[in-house]
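Keep the sequence and the 3D view open side by side while reading. The text below goes from single residues to the whole chain and back again.

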Amino acid sequence: MYVFLSFIIVGFLVLTSTFVMTISFKTNRILNFYIIFTSLVLCFYLIVHGFNNYKLTRLHNEIWCFNYYQIVIFLTPSVYLFFEKLILNFKYPEKKDFLYFIVPVFGSHYLGYDKFQHFLVEKVLVFFLCTSF
């Protein structure tokens, strides 16, 4: 019970620190769009996961149904692009960067099915596909 309350507290702390980071977006060399995006998705996940398991939302199964695998698959290109743009010293996304998100969007849709949770062969196949991606 206290673990999920700490998820909510940490999620709001990450959200606050993200807003503080965005204030100095133009002057900070290390900060770019992808670290802000990653931070926002992670704080959203922590807050929603804390609320769902702390039983503060009544319709949590219908509204907030996503799992850990979907978040990890979706954030993988964002973390990669953060380091790539950090090396190249670009702050803003380019059109070609959105191609990296095509496979994770379709993969996260597939990982949301209940049938996926029961088959080990599919889990291993998706793991190797994501590793090669």
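In which loop is asparagine 89 found? Asparagine 89 sits in the loop between α4 and α5, the latter spanning 102-111. The model is a predicted one, and the values below are computed from it. The backbone at asparagine 89 has a phi near 60°, which is a positive value in a residue other than glycine. Asparagine 89 counts as partly exposed, because its relative accessibility is 45%.

Now the chain as a whole. The protein has six helices and zero strands, so reading from the N terminus on gives the order α-α-α-α-α-α. Of its 133 residues, 29% count as buried. The protein exposes about 9500 Å², and 74% of this area is supplied by carbon and sulfur atoms. Among contacts between residues at least 6 apart in sequence, 68% join residues that are at least 24 apart.

Helix α2 is a useful place to look next. It covers residues 33-53, 21 residues in total. From its first C-alpha to its last, helix α2 reaches 30 Å, close to the 30 Å expected at 1.5 Å a residue. Which residues of α2 are buried? They are Tyr34, Ile36, Thr38, Ser39, Val41, Cys43, Tyr45, Leu46, Ile47, Val48, Gly50 and Asn52.

One of these, serine 39, can be followed further. Serine 39 belongs to helix α2, and it counts as buried because its relative accessible area is 12%, where the cut-off is under 20%. The side chain of serine 39 is joined to that of threonine 18 by a polar contact of 2.4 Å. With neighbours within four places in sequence left aside, the residues in contact with serine 39 are Val14, Thr18 and Met21.

The next stop is a group of charged side chains. How many salt bridges are there? The count comes to two. Lysine 85, which is found in helix α4, takes part in a salt bridge with glutamate 94, where the closest N and O atoms are 3.7 Å apart. Lysine 85 also forms a salt bridge with aspartate 97, with the closest N and O atoms 3.2 Å apart. This second pair links distant parts of the chain: aspartate 97 is in the loop between α4 and α5, lysine 85 is in helix α4, and 12 residues separate them. Through salt bridges that share partners, Lys85, Glu94 and Asp97 are joined into one network.

Are the members of this network buried or partly exposed? Lysine 85 counts as buried because its relative accessibility is 2%. Aspartate 97 counts as buried too, because its relative accessibility is 1%. Glutamate 94 has a relative accessibility of 26% and therefore counts as partly exposed.

The surroundings of lysine 85 and aspartate 97 can be listed in the same way. Leaving aside neighbours within four places in sequence, lysine 85 is in contact with Asn32, Tyr34, Phe90, Glu94 and Asp97. On that basis aspartate 97 is in contact with Tyr34, Leu81 and Lys85. Tyr34 appears among the contacts of lysine 85 and among those of aspartate 97, and Tyr34 is one of the buried residues of α2. The side chains of lysine 85 and aspartate 97 are also joined by a polar contact of 3.2 Å. For a further distance, take aspartate 97 and serine 78: they are 19 residues apart in sequence, and their C-alpha atoms are 9.3 Å apart in space.

Helix α4 also carries a residue of the surface. Leucine 86 lies in this helix, which covers residues 68-88. Leucine 86 counts as partly exposed because its relative accessibility is 32%. Which residues form a nonpolar patch on the surface? Ile30, Val79, Phe83 and Leu86 do, with about 340 Å² of accessible area together. In the sequence, lysine 85 and leucine 86 can be looked up in helix α4; lysine 85 counts as buried at 2% relative accessibility, whereas leucine 86 counts as partly exposed at 32%.

Notes
Residues numbered from 1 in each chain as written. Predicted model: local features only at pLDDT ≥ 70, side-chain atom pairs only at ≥ 80, totals over all residues. Heavy atoms only, no water. Patch = residues over 30% accessible without salt bridge, like charges linked within 9 Å, V, L, I, M, F, W, Y side chains within 5 Å. Areas by Shrake-Rupley, 256 points an atom, 1.4 Å probe, with all protein chains shown as cover. Salt bridge = Lys/Arg side-chain N within 4 Å of Asp/Glu carboxyl O. Helix = DSSP H or I, 4+ residues; strand = E, 2+ residues; numbered from the N terminus. Buried < 20%, exposed > 50% of the residue type's maximum accessible area, 1.4 Å probe, protein only. Contact = heavy atoms within 4.5 Å. Expected span 1.5 Å × (residues − 1). Polar contact = N/O pair within 3.5 Å; in protein donor to acceptor, adjacent residues only side chain to side chain.
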